[in-house]
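Here are my notes on this model, written to be read with the structure open beside you. Take the points in order and look up each residue as you go.

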Amino acid sequence: MSQKPKDARPIVIGIGVLVLVLGFYFVLLGSRAVDLLTSGDPVGIGLGIGVLILPLLGIWMVVATLRAGLAHQRLARRMVEEGRELDVSELPRRPSGRIERDAADELFATVKAEWEADPGNWRATYRIARAYDYAGDRSRAREMMKRAVAQEREADSGV
């Protein structure tokens, strides 16, 4: 049984609004930094440099997060097109909607065996990243998803 795809528009709109608000904040912070830098006061200049670093770090973080999200979506789209996405529609769920722990652990064990047979394959790495996520291990899920993105890029570039 295949699930109906979720409508991504509210998420995309939310991300767009968040990026616009952050952009406004970064511009505002940057203008305050310029005011401090042009004050001529050594303390103001020092603070201005510090304040200028904040929007630069913020821009870097937003760009890095958006790039990672787009890369993860690209892999998810490819897996769905290939019919290799994990089907969790029949797994028992808690009232919160999360997959029950025993079912998630069983799914993880199956996918882990698949990954151990071919750890260099981005598809297997993607699937284990998803299994980690379903099992509730977010840090390992992120780590494996990064690895899947790198493996997919290597595979597509012919390296």
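1. Let's start with Arg127 and its company. Once neighbours within four places in sequence are set aside, Arg127 is in contact with Met79, Arg84, Glu85, Leu86, Val111 and Glu114. Keep in mind that this is a predicted model. Arg127 belongs to helix α4. Is Arg127 buried or exposed? Its relative accessibility is 14%, so Arg127 counts as buried, the cut-off for that being under 20%.

2. Now hop over to one of those partners, Arg84. You'll find Arg84 in the loop between α2 and α3. Its relative accessible area is 28%, so Arg84 is partly exposed. Which residues does Arg84 meet, leaving aside neighbours within four places in sequence? They are Met79, Glu114, Arg123 and Arg127. For a sense of distance across the model, try Arg84 and Tyr25: they are 59 residues apart along the chain, and their C-alpha atoms are separated by 41 Å.

3. Time to zoom out. The chain has five helices and zero strands, so the radius of gyration is a handy thing to check next: at 21 Å it is well over the 15 Å that the globule rule gives for 159 residues, which makes the chain more spread out than a compact globule. The C-alpha trace spans about 65 × 40 × 25 Å along its principal axes. Of the 159 residues, 26% count as buried.

4. A few more whole-chain numbers. Take the contacts between residues at least 6 apart in sequence: 55% of them join residues at least 24 apart. The chain exposes about 10900 Å², with carbon and sulfur atoms supplying 63% of that area. As for charge, there are 23 positive and 21 negative side chains, and the centres of the two sets lie 3 Å apart.

5. Helix α2 deserves a slow look. It has 41 residues and reaches 60 Å from its first C-alpha to its last, close to the 60 Å expected at 1.5 Å a residue. Its buried residues are Gly44, Gly48, Val51, Pro55, Gly58, Val62, Ala71, Leu75, Ala76 and Met79. What covers them? The cover includes α1, α4 and α5. Just after α2 comes Gly83, and its phi is positive, near 70°.

6. Stay in α2 for Ala71. With a relative accessibility of 3%, Ala71 counts as buried. Which residues does Ala71 touch, not counting those up to four places away in sequence? Val149 and Arg153. Ala71 and Ala148 make a nice pair to click on as well: they are 77 residues apart in sequence, yet 9.7 Å apart in space, C-alpha to C-alpha.

7. On to helix α5, residues 138–157. At 1.5 Å a residue, its 20 residues should span 28 Å, and the end C-alpha atoms are 29 Å apart, which agrees. Buried in α5 are Ala141, Met144, Met145, Ala148, Val149, Gln151 and Glu152. Their cover includes α2 (42–82), α3 (101–117) and α4 (122–135).

8. Gln151 is one of the buried residues of α5. Its relative accessibility is 13%, so Gln151 counts as buried. Not counting residues up to four places away in sequence, Gln151 touches Pro119, Gly120, Asn121, Trp122 and Thr125.

9. Next, a stop in helix α1, where Arg32 sits. Arg32 has a relative accessible area of 47%, so it is partly exposed. How far is Arg32 from Leu47 in space? They are 9.9 Å apart, C-alpha to C-alpha, with their positions 15 residues apart in sequence.

10. Last one: Ala8. You'll see it in the segment before α1 (9–37). At 41% relative accessibility, Ala8 counts as partly exposed. Its C-alpha atom and that of Ile59 are separated by 24 Å, and the two residues are 51 apart along the chain.

Terms used: Residues are numbered from 1 along each chain as its sequence is written. This is a predicted model: local features need pLDDT of at least 70, side-chain atom pairs count only at pLDDT 80 or more; totals for chains, interfaces and linings use all residues. Side-chain values use heavy atoms; hydrogens and water are left out. Helices (H or I, at least four residues) and strands (E, at least two) are DSSP runs, numbered from the N terminus. The radius of gyration is taken over C-alpha atoms; the globule rule is 2.2 Å times the number of residues to the power 0.38. Buried means under 20% relative accessible area, exposed over 50%, partly exposed in between (1.4 Å probe, protein chains only). Contact means heavy atoms within 4.5 Å. Accessible areas come from the Shrake-Rupley method with a 1.4 Å probe; for residues, only the protein chains shown count as cover. Lys and Arg count as positive and Asp and Glu as negative; His and the chain ends are not counted. The place of a charge is taken as NZ of Lys, CZ of Arg, CG of Asp or CD of Glu. The expected span of a helix is 1.5 Å times one less than its number of residues.
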